[in-house]
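Let's take a walk through a protein fold together, one piece at a time. Keep the picture open beside you and find each part as we get to it.

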Amino acid sequence: MARRPRKHWGWGYADEEPSAADVAGAAPLVERQLGFPAQPAEEPVALDAAALRAPRELPPPPAGVPFDDGDHARATHAWGKSYLDVVRAFRGRFDHAPDAVVRPADEEDVFAVLEWATETGTVVVPYGGGTSVVGGVTPVVDGPVVSLDLGALDRVLEVDPVSRAARVQAGVLGPSLEDQLGEHDLTLRHFPQSFELSTLGGWIATRAGGHFATGPTHVDDLVEAVRAVTPTGAWESRRLPGSGAGPSPDRALIGSEGILGVVTEAWMRVRPRPEHRASRGVRFPSFALGAEAVRALAQSGLQPANCRLIDPAEAALMSGGDGEQALLVLGFESSDAPVEAELARGLELCVECGGTWDEGGERVGAWRDAFLRAPYLRDVLIALGVLSETFETAVTWDALPALHEAVLAAARDALADDRATVTCRLTHAYPDGAAPYFTVLAPARRGDEEAQWWAVKRAASEALLAHGGTITHHHAVGRDHRPWYDRQRPEPFAAALRAAKAAVDPAAILNPGVLVDP
């Protein structure tokens, strides 16, 4: 089937790209919302005018496996979707374009490509939806390299309604997966912000987190068994609800970011679609009081589906708040029974921390719409000269206040611009801690965005690591987080990971430079 072409530089599809008039028309709104004027609208560099080197000559590929060395294919697989990736592509820079994009039709093709790559010394970078914001799919290598796009492996192969599990190919995009499961009145219930353009295999490879704030939200919790192709053979675990048989083969692949093997399919735990929902937008006089409410909710055992706390500045930007009160988006859902009693108890806990609310759900709806539009909006902001980036972490409750203040201060100091806005929301809540998610909005220094971005990236990363946080809660490590990941993990574990890499990928062809050095 013909593929709907993606934009060569930003988020979404080519037929969704806003016109120059649309971008220019957004400038007054940007100024009203952000408090500083947009810069003159800039247009992206057309692909035929971009800096895209000619592909290297590759050894003869395996018979019957589609290799695409066209400019559009190579450009769209050169970067992920971080702010810096999009800025580079917007300006027509494709420094690390692969020499070809390989599109296997089935698992046999994947085996053939890895055998060919091992024999010829060609690097292979597994590619799902290309939504990495940490450099996870950028082929930064000196020699020949191909991007292995699994988009054709996009089917739900089998459904087990008794055990409530489904066998799914790794290249399926989020909406297609839900449509296919919907034919059985089932859902995976995994909805990351990248849902529209990311894949099951990508979620598994990066230990992705969905937008549900408590309970099973990480893909780890939803995997029943994984199958991957490695250069030394198939890696397939047994379908089990749980096992104590040594270190888990599934856990070794979950979060491996393509360095140990190419995930081709998985058995995933699914559930009936929810029929009962109830939600409120709860206001708090301060972010700190809202955080106390989130902690109470996380430790209560209620397990709300949504429990996102948005600070006053971000609430004003995303849902029409007054800039003085924090907003908690609190929601419950069930496929079994009404959830009004759970919501009522949750609201009681909020009252104890100073929470108030209106009966309508307009604030919740406004937040949800803004959440889903954010990746598209960022492309418009780039065209208008606005730096827009996020940093996320997780930390225990006792350390949260100090980390929160330290990261805000570090990011503001690094930006060195009174017009900049740095906000925070809590995206996920656990009994022992929370996941703060920071957003930076500032006038971009056009032509110097890379230095500007790295300055705030380093400052925020240093602050969160120094105050007990993780370098990433759900964005993965990739290449951008390597310096801080190396300091976070225990060295004996790093040695074990390098040994595992050497065992299954002795020629070091799979995504070198991610997680460990060859």
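Start where two helices touch. On the H12 side, the residues in contact are Leu403, Ala406, Val407, Ala410, Ala411, Ala414 and Leu415, and they meet Ala455, Val456, Ala459, Ala460, Ala463 and Leu464 in H13. Sort the residues of this contact by class and you get 13 nonpolar, no polar and no charged ones. Keep in mind that you're looking at a predicted model.

Now look at how these two helices lie. H12 covers residues 400–415 and H13 covers residues 449–466; their axes come within 8 Å and cross at roughly 160°. Angles over 145 degrees count as roughly antiparallel, and H12 and H13 are therefore roughly antiparallel to each other. As for handedness, H12 and H13 make a right-handed crossing.

H13 has another partner for you to find. Helix H3, residues 83–90, has an axis that comes within 10 Å of that of H13, and the two cross at roughly 180°. That angle makes H3 roughly antiparallel to H13. Which residues of H3 and H13 meet? From H3 come Tyr83, Leu84, Val87 and Arg88, and from H13 come Glu449, Glu450, Trp453 and Trp454. The mix in the contact of H3 with H13 is 5 nonpolar, no polar and 3 charged residues. Set that beside the contact of H12 with H13, which has no charged residues.

One further helix pair deserves a stop. Helix H8 (residues 287–298) packs against helix H10 (residues 340–352) at an angle of about 140°, and their axes are 8 Å apart. Is this pair roughly antiparallel or oblique? H8 and H10 are oblique to each other, because roughly antiparallel takes an angle over 145 degrees. H8 passes H10 in a right-handed crossing. Where they touch, Ala293, Ala296 and Leu297 in H8 meet Gly346, Leu349 and Cys350 in H10. That contact of H8 with H10 holds 5 nonpolar residues, 1 polar one and no charged ones.

Time for some strands. Look for an open sheet of 4 strands, lined up in the order S1-S2-S4-S3, with mixed pairing. At its edges are strand S1 (67–68) and strand S3 (123–127), each of which pairs on one side only. Strand S4, residues 145–149, runs parallel to strand S2, residues 100–102, and 3 bridges join them. You can trace this residue by residue: Ala100 has Val146 in S4 as its bridge partner, and Val101 has Ser147 in S4. S4 also pairs with S3 in the parallel sense, over 5 bridges. There, Val123 stands opposite Val145 in S4.

Why is S4 described as largely enclosed by the rest of the structure? Buried means under 20% relative accessible area, and 5 of the 5 residues of S4 are buried, so S4 is largely enclosed by the rest of the structure. In a regular strand, side chains alternate between the two faces of the sheet. You can follow the directions in S4: Val145, Ser147 and Asp149 point one way, Val146 and Leu148 point the other way, and all are buried.

Next comes an open sheet of 5 strands, in the order S5-S6-S10-S8-S9, with antiparallel pairing. Strand S5 (156–160) and strand S9 (233–236) are the edges here, each pairing on one side only. Ignoring direction, neighbouring strands of this sheet are turned by 10° against each other on average. Begin at S5, which pairs with strand S6 (residues 165–169) in the antiparallel sense over 4 bridges. In that pairing, Asp160 has Ala165 in S6 as its bridge partner. Then look for helix H4 (residues 107–120), which lies across strand S8 (223–230), S9 and strand S10 (262–269) and runs at about 45° to S8.

Last, turn to strand S12, residues 276–284. S12 runs antiparallel to strand S14 (residues 326–334), and 9 bridges join the two; in S14, Leu328 is the bridge partner of Val282. S12 also runs antiparallel to strand S15 (residues 356–357), with 2 bridges joining them. To spot that pairing, find Arg283, which stands opposite Thr356 in S15.

Conventions:
Residues numbered from 1 in each chain as written. Predicted model: local features only at pLDDT ≥ 70, side-chain atom pairs only at ≥ 80, totals over all residues. Heavy atoms only, no water. Pairing = 2+ DSSP bridges. Buried < 20%, exposed > 50% of the residue type's maximum accessible area, 1.4 Å probe, protein only. Axes fitted to C-alpha atoms, helices over the stretch in contact; angles between N-to-C directions. Parallel < 35°, antiparallel > 145°, perpendicular 65-115°, else oblique. Left-handed = near helix turned anticlockwise from the far one by under 90°. Contact = heavy atoms within 4.5 Å. Nonpolar A, V, L, I, M, F, W, Y, C, P; charged D, E, K, R; others polar.
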